[in-house]
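Subject: Handover of a structure and its findings

Dear colleague,

Please find the structure below, together with its sequence. The findings follow, arranged by topic for a reader who has not worked with it before.

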Amino acid sequence: MKNIVYIIILFVISSSIYSCTSCGNKKKFNNVTQDSLKTVYELLPTEQQEVIALVYEWNKLHDTTNIDVLDSFYSDNVLFYKKNFSKQNVIQTKKYRLKKAKQYRQLIIGRIGIYPSDTGDYKVEFLKLVNLDNKPKVYHTYLIFKKINDAWKIIVESDKESDLRPELASLFDKFEESESTSSGDFDGDGEKEELIVIKPEQDTSGNYTSTTTKISFTNLNLPEINIENCIGVNVLNENDVDGDGADDFSIVIKKPNGDIGNTILYTYKRGEWKKTAQFVAPSSEVFNSRQNLIEFAGNGNIKVRTIEKTTECNDSLIIKTISTWE
């Protein structure tokens with residue numbers, strides 16, 4: 001019996017020693033791997049080392065406290081998961097995802113591949129481990145950097161999984177464009193008319209033939225509205241928001257560069273369309289479905305939910321009262 005006890009104790013001690021040795025070996029292996037990567041990167045040209053350093057910094061900033069700093073990493077316009085976005089919309093989209101997630105972490109696995117192009121840009125590829133709400137998944141991510149005003153900026157961000165499955169790309173563009181879906185009594189004559197959105201067409205390469213969106217009506221007495229610098233709109237019948245007896249409608253504009261948020265409230269008065277209100281809606285509130293951007297405030301006044309810059313140049317949500325009286 002005593003021999004059995006000794007054997008058990010010896011086994012426990014041996015296991016502990018092996019476990020500690022294993023931990024040490026694992027740490028040693030990680031250190032060796034990091035040192036090896038560092039040695040490999042040091043062999044690269046200085047310019048490529050700079051880009052790789054930016055990728056590691058970019059990865060670290062993906063958390064709820066530092067996400068705004070990513071603004072300095074992107075060019076003004078970005079091809080973001082096969083969609084043309086402004087850098088502001090890229091940040092807003094990332095914020096939206098982080099806000100929806102209970103837990104989010106991302107980690108670069110292994111080394112980063114870097115490939116120069118004939119134009120002087122750099123494409124970097126790496127495996128990115130994303131842990132979203134305790135559900136880990138690995139993506140073959142890539143970024144393309146371009147030197148703009150002596151600084152490297154990201155002009156493309158995507159991963160091979162999204163490129164192969166177009167439906168994944170739609171997760172990053174939740175702004176629904178209206179077609180011929182809105183109707184109302186916009187001239188106050190007691191008869192409803194259909195509102196028709198005519199977006200600019202795209203050629204075989206996916207480029208828009210113009211940057212003007214038109215809004216027409218089945219009631220031909222209502223004049224057509226031309227919206228410049230616009231490739232699509234989201235339309236909402238606001239009912240009689242100003243109390244003049246006719247329905248009003250608002251549109252949220254999608255610009256050619258991907259910017260979303262510019263909002264216009266239209267009212268038909270004395271034979272022509274009036275822009276009763278113009279403001280910038282919070283980007284997060286025009287994804288998925290429209291929020292109550294415009295509300296009746298009594299006596300011909302309306303309340304709008306808009307974004308304005310603070311003295312520190314930060315975006316701030318403002319609820320503003322606007323008079324619709326002329």
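**Surface patch**

Leu107 is found in strand β3, which covers residues 104-116. Together with Ile109, Leu127 and Val138, Leu107 forms a nonpolar patch on the surface, and the accessible area of these residues together is about 290 Å². Please bear in mind throughout that this is a predicted model.

**Salt bridges**

Side chains of opposite charge can pair when their charged atoms come close. In this model the count of salt bridges comes to 11. Three of them are described here, with their places in the chain.

In one salt bridge, the side chains of Asp71 and Lys87 meet at 3.5 Å, N to O. This pair links distant parts of the chain: Asp71 belongs to the loop between α2 (46-60) and β1 (74-80), whereas Lys87 belongs to helix α3 (residues 87-100), and the two are 16 residues apart. Is Lys87 buried or exposed? With a relative accessible area of 14%, Lys87 is buried, because the limit for that class is under 20%. Asp71 has a relative accessible area of 30% and is therefore partly exposed. The pair also belongs to a wider arrangement, as Asp71, Asp76 and Lys87 are linked in a network of salt bridges.

A further salt bridge joins Lys160 and Glu125, with the closest N and O atoms 3.6 Å apart. Here too distant parts of the chain are linked, with Lys160 in helix α4 (residues 160-164) and Glu125 in strand β4 (residues 122-132), 35 residues apart. Lys160 counts as partly exposed at 39% relative accessibility, and Glu125 is partly exposed with a relative accessible area of 21%.

The side chains of Lys269 and Asp244 also meet in a salt bridge, at 3.2 Å from N to O. Lys269 lies in strand β13 (residues 260-269) and Asp244 in the loop between β11 (232-239) and β12 (248-254), so the salt bridge ties together parts of the chain that are 25 residues apart in sequence. Lys269 counts as buried at 15% relative accessibility, while Asp244, at 35%, counts as partly exposed.

**The sheet of β11 to β14**

Strand β13 also takes part in an open sheet of 4 strands, in the order β11-β12-β13-β14, with antiparallel pairing. Its edge strands are β11 and β14 (272-280), each of which pairs on one side only. On average, neighbouring strands of this sheet are turned by 25 degrees against each other, direction ignored. Between β13 and β14 the antiparallel pairing runs over 8 bridges. To locate this pairing in the model, one may look at Thr263, whose bridge partner in β14 is Phe279.

**Aromatic pairs**

The count of aromatic pairs comes to 11. One of these is formed by Phe80 and Tyr81, which are edge-to-face, with 4.9 Å from centre to centre and 85 degrees between the planes. Phe80 and Tyr81 are both buried.

How are the rings of Phe249 and Tyr266 arranged? Their centres are 5.4 Å apart and their planes stand at 25 degrees, so the pair is stacked, a class that requires planes under 30 degrees apart. This pair links distant parts of the chain, with Phe249 in strand β12 and Tyr266 in strand β13, 17 residues apart. Phe249 and Tyr266 are both buried. They also belong to one aromatic cluster, formed by Phe186, Phe217, Phe249, Tyr266, Tyr268 and Trp273.

**The sheet of β15 to β17**

Another open sheet is built from 3 strands in the order β15-β16-β17, and its pairing is antiparallel. Why is one side of β15 and of β17 left without a neighbour in the sheet? Both β15 (294-298) and β17 (315-323) stand at the edges and each has a single partner strand, so one side of each has no neighbour there. Neighbouring strands of this sheet are turned by 40 degrees against each other on average, direction ignored. Strand β16 (residues 301-309) pairs with β17 in the antiparallel sense over 9 bridges. Within this pairing, Glu308 has Ser316 in β17 as its bridge partner.

With kind regards

Technical notes. Residues numbered from 1 in each chain as written. Predicted model: local features only at pLDDT ≥ 70, side-chain atom pairs only at ≥ 80, totals over all residues. Heavy atoms only, no water. Patch = residues over 30% accessible without salt bridge, like charges linked within 9 Å, V, L, I, M, F, W, Y side chains within 5 Å. Areas by Shrake-Rupley, 256 points an atom, 1.4 Å probe, with all protein chains shown as cover. Salt bridge = Lys/Arg side-chain N within 4 Å of Asp/Glu carboxyl O. Buried < 20%, exposed > 50% of the residue type's maximum accessible area, 1.4 Å probe, protein only. Pairing = 2+ DSSP bridges. Axes fitted to C-alpha atoms, helices over the stretch in contact; angles between N-to-C directions. Phe/Tyr/Trp six-rings, centres within 6.5 Å; stacked < 30°, edge-to-face > 60°.
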